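Here's a quick tour of one protein chain, covering its salt bridges, its nonpolar cores and a patch on its surface. Have a look at the structure before reading on.

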Amino acid sequence: METRPYIGGQAVLEGVMMRSPGSFAVVVRRRDGSLSVRERLMPGGRTGIARLPFFRGVASLVESLRLGSEALKYSADRMQQDWGEDAPKPRNAASSILRAIGFQLFLLANSEADSPVEKSQRGIGLMVVLMVGFLIALPQFTAQGIMRLLGVDWPITSLQFQALTGAVKLTIVLGYLLLIRRLPDIRRVFQYHGAEHKTITTYEAGEPLDLEHARPKTTFHARCGTTFLVMVVIISIVLFSIVGTLIPIHTGSRLLDGLLFFLVKLPVLPLLAAVTFEVQRLFARYCTTGPLRALLMPGFLVQRITTIQPDDDQLEVALASLRATLFREKGTAGDGASDVAFPTYAAMSAASTLRG
């Protein structure tokens, strides 16, 4: 039986990125309805320590954010070329901030569990700041404020406080995703996210890559970054409680305790990502059917926010992106990288190579 290469993906502005072990492609739907394709070979896979359990989780997160930033930039450039001054703009400063942070959070919520390595980009720095500030600092200090309002005095390293922090963290993430879902351009990205999942599910089922087979597929997927985010919240409750037990902090000042514990958490974040990655791999492999599927339900419930049913035009873009990736993987895309265009998905499907 032929071994099928693993495929991961991510939605971008009016497009979808797909990658296999040896290739990368992003396809964007242009304003005139045509398809703009960028594809290339990917340099070798992970080597050495980056292939070992736990270490591979950290490498995967960094790699997926790097490639996701590149694909998002490519799609934004195509949109700017098409629309110029007519490009949709946020109605006010608040909408602009929501959209900017929203795309960065969506990169994390939409990245697959496995992705390739690329050159570092400035977007990674912004993502790190976002993760630390939005997902670590804000929930912790908000939980401290809630404790003060409730008149309770749980130690900041206790399981009770970590559970409260986890609840606040999940509330912030869900609330923000629900908020940015209302922005028209991000809502369309969520539709492309659904198209990406449908396409990958069709591929994994061994079915033809066409609308007829992809259309009825689910918009949920076990390896989705949205599920990763939910698992991070749950696992962080246990992990940070253990850290708090090993490194007790009692200065007598709640503010100082909070600041010190925040600093203690920072070097533990790679371990949190590594543990979550391994747990998600196990769930995706063994819990997709039968009663164990219930373990995936929290992630699937949140994917109801980050995925929306796509229309056929959007689904064609996802199918085209996967076809472009497989063209390169099979050695039918020519040498070197390429930027090509096709007037329709049917024209691309009929092409024997991406150069033709």
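Let's fix one term up front: buried means under 20% relative accessible area, exposed over 50%, and partly exposed in between, with a 1.4 Å probe and protein chains only. This is a predicted model, so local features need pLDDT of at least 70 and side-chain atom pairs count only at pLDDT 80 or more, while totals for chains, interfaces and linings use all residues. Residues are numbered from 1 along each chain as its sequence is written, and side-chain values use heavy atoms, leaving out hydrogens and water.

**Salt bridges**

A search of the whole structure turns up ten salt bridges (a side-chain nitrogen of Lys or Arg within 4 Å of a carboxyl oxygen of Asp or Glu). Here are some of them:

| Pair | Closest N and O atoms | Citation |
|---|---|---|
| Arg188 and Glu14 | 2.5 Å | salt bridge |
| Glu316 and Arg29 | 3.0 Å | salt bridge |
| Lys217 and Glu207 | 2.6 Å | salt bridge |

Glu316 sits in helix H11 and Arg29 in strand S3 (residues 23-29), 287 residues apart, so this pair links distant parts of the chain (helices, H or I with at least four residues, and strands, E with at least two, are DSSP runs numbered from the N terminus). Glu316 counts as buried at 18% relative accessibility, and Arg29 is buried too, at 14%.

Arg188, in helix H5 (residues 184-204), is 174 residues away from Glu14. Arg188 is partly exposed at 31% relative accessibility, whereas Glu14 is buried at 18%. Glu14 lies in the loop between strand S1 (8-12) and strand S2 (15-20), and its phi is near 55°, a positive value in a residue other than glycine. Most residues other than glycine have a negative phi.**Cores**

The largest nonpolar core has 41 residues, of which Ile7, Val26, Val37, Leu319, Leu322 and Met348 touch the most other members. A nonpolar core is a set of buried Ala, Val, Leu, Ile, Met, Phe, Trp, Tyr and Cys residues joined through side-chain atoms within 4.5 Å. Helix H11 (residues 312-329) supplies the largest share of this core, nine residues. Apart from it lies another core, of 37 residues, among them Leu164, Phe240, Val243 and Ala273.

**Surface patch**

Which residues form a nonpolar patch on the surface? They are Phe141, Leu255, Leu256, Leu259, Leu260 and Leu263, with about 530 Å² of accessible area together. Patch residues have over 30% relative accessible area and no salt bridge, with like charges joined within 9 Å and nonpolar side chains (Val, Leu, Ile, Met, Phe, Trp, Tyr) within 5 Å. Accessible areas come from the Shrake-Rupley method with a 1.4 Å probe, and for residues only the protein chains shown count as cover. Helix H8 (residues 254-265) gives the largest share of the patch, five residues.
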